[in-house]
Amino acid sequence: MDFDLSPFSHSEVELLTDLKAQHFLELYARETGEVAAETSLATPFVPTTAQLTFAARVAWRNAARCIGRGYWPALHVRDLRHISEPEAVFAELRRHLALAWNGGKVQSVISVFGPDVRILNDQLIRYAGYPDGRGDPQNRRLTAQLVELGWQAPEQHTDFDVLPLAIQTPAGTRLFEWEAEDIQEVPLLHPEAGDLGLRWHALPVISNMELRFAGLTYPCAPFNGWYLATEIGARNLADQNRYDRLPELARRLGLDTSRERTLWRDRALVELNRAVLYSFDRAGVRIDDHHSLSQQFVAFEERERAAGRRVNGQWDWLIPPLSPATTPVWARIYREDRDLTPGFFHPRQRPASGCPVAHGA
Ligand code: ARG
């Protein structure tokens, strides 16, 4: 594929890429105090492991939608740029899950692979969504794609069948099944109502976003944090186009669902979130609540201001979906720079400048 849709000539692209590398190295020098060897047009920039580590952490710090990024300096970065072969990638992803799991004391980890690898799944761990209504409706398309690629769904569909992982390279797409020991899940128990017959996995690992910095793109760089309870209790299990479990829980709790104004939805929502926090705590699995995490986010904002940096933010993602106005984030104003790098981007989300991005060497 050698045609060029860009309005820039080849040498202009090189110049822009070079400027982005210079710009990154300035940031790196400013924040770490380490001055790197100069790059020039003649030598494509290949970041050191220390530079990659810094870039991944700053990409997290810049993530406009993330309320948990106060922990950015602690991101564990795995430099796996030498790995591009699907079996080896999958073996490293299994290690990623184990490292992130850390016996329940979940740690934030990113694994950066070679430039020719992509992961089809949007997260490493996803539950199948079936046409018969079982499972997570959000994953119906992904499930169908994986079936198309040869996945055999279990004969008895459940609501929580873990999907295989599709790893794509220039040689094609390959499917890998997780081992049972790779997948840590928490069964949901309500402190008074007991077993809810629901569960969720412990690790959210985003696997379809690219890490971009210095004019480079790393398309396979899966990263995880730990859950904020509302992600599970106020969205995944509650949204009407996801698991839609509020009506069932309301009935179980004996709430009056005959009229909206009994606020049975709101009451069930709070109880579902209590159950998520209670169950993760009981299982010894790290999870945050939205009040504490919002307070930590405000503290992060203050540290950033003190460091002379502006916080990149998208208000409608930063506020929690449950009781947002009770958190300090509600009354604040955020601005978003969609092109800020280092950053994590969805592959189709091209920088506004429209210029092509060179691939990592
Ligand atoms: N909201 C997504 C989910 O429920 C996960 C997004 C990342 N979340 C995180 N806590 N790092 O699966």
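**Exercise 1.** In this predicted model, find which residue of strand 11 is the bridge partner of Ile-206, then place that pair in its sheet.

*Solution.* Start with the pair itself: Ile-206 is bridged to Phe-223 in strand 11. Next, look at the strands around this pair. Strand 8 and strand 11 (residues 223-224) are joined by two bridges and run antiparallel. Now zoom out: the sheet is open, with four strands in the order 1-2-11-8 and mixed pairing. At its edges sit strand 1 (76-80) and strand 8 (205-206), each pairing on one side only.

**Exercise 2.** Work out which strands helix 2 touches, and check whether its length agrees or disagrees with its residue count.

*Solution.* First, the contacts: helix 2 packs on the sheet and touches strand 1 and strand 2 (109-113), with its direction at about 130 degrees to that of strand 1. Then the length: helix 2 (residues 49-61) has 13 residues, so at 1.5 Å a residue it should span 18 Å, and its end C-alpha atoms are indeed 18 Å apart. Finally, the cover: ten of the 13 residues are buried, among them Leu-52, Phe-54 and Trp-60.

**Exercise 3.** Pick out the backbone oddities at Leu-263, Ser-323 and Pro-342.

*Solution.* Keep the usual case in mind: most residues other than glycine have a negative phi, and most peptide bonds are trans. Leu-263, though, has a positive phi near 60 degrees; this residue lies in the loop between helix 6 (246-252) and helix 7 (264-283). Ser-323 has a positive phi of about 50 degrees, and its place is in the loop between helix 9 and strand 14. Last, the bond joining Thr-341 and Pro-342 is cis, with omega about -10 degrees.

Notes:
Residues are numbered from 1 along each chain as its sequence is written. This is a predicted model: local features need pLDDT of at least 70, side-chain atom pairs count only at pLDDT 80 or more; totals for chains, interfaces and linings use all residues. Side-chain values use heavy atoms; hydrogens and water are left out. The expected span of a helix is 1.5 Å times one less than its number of residues. Buried means under 20% relative accessible area, exposed over 50%, partly exposed in between (1.4 Å probe, protein chains only). Two strands pair if DSSP finds at least two bridges between them. Contact means heavy atoms within 4.5 Å. Axes are lines fitted to C-alpha atoms, for helices over the stretch in contact, and angles run from 0 to 180 degrees between N-to-C directions.
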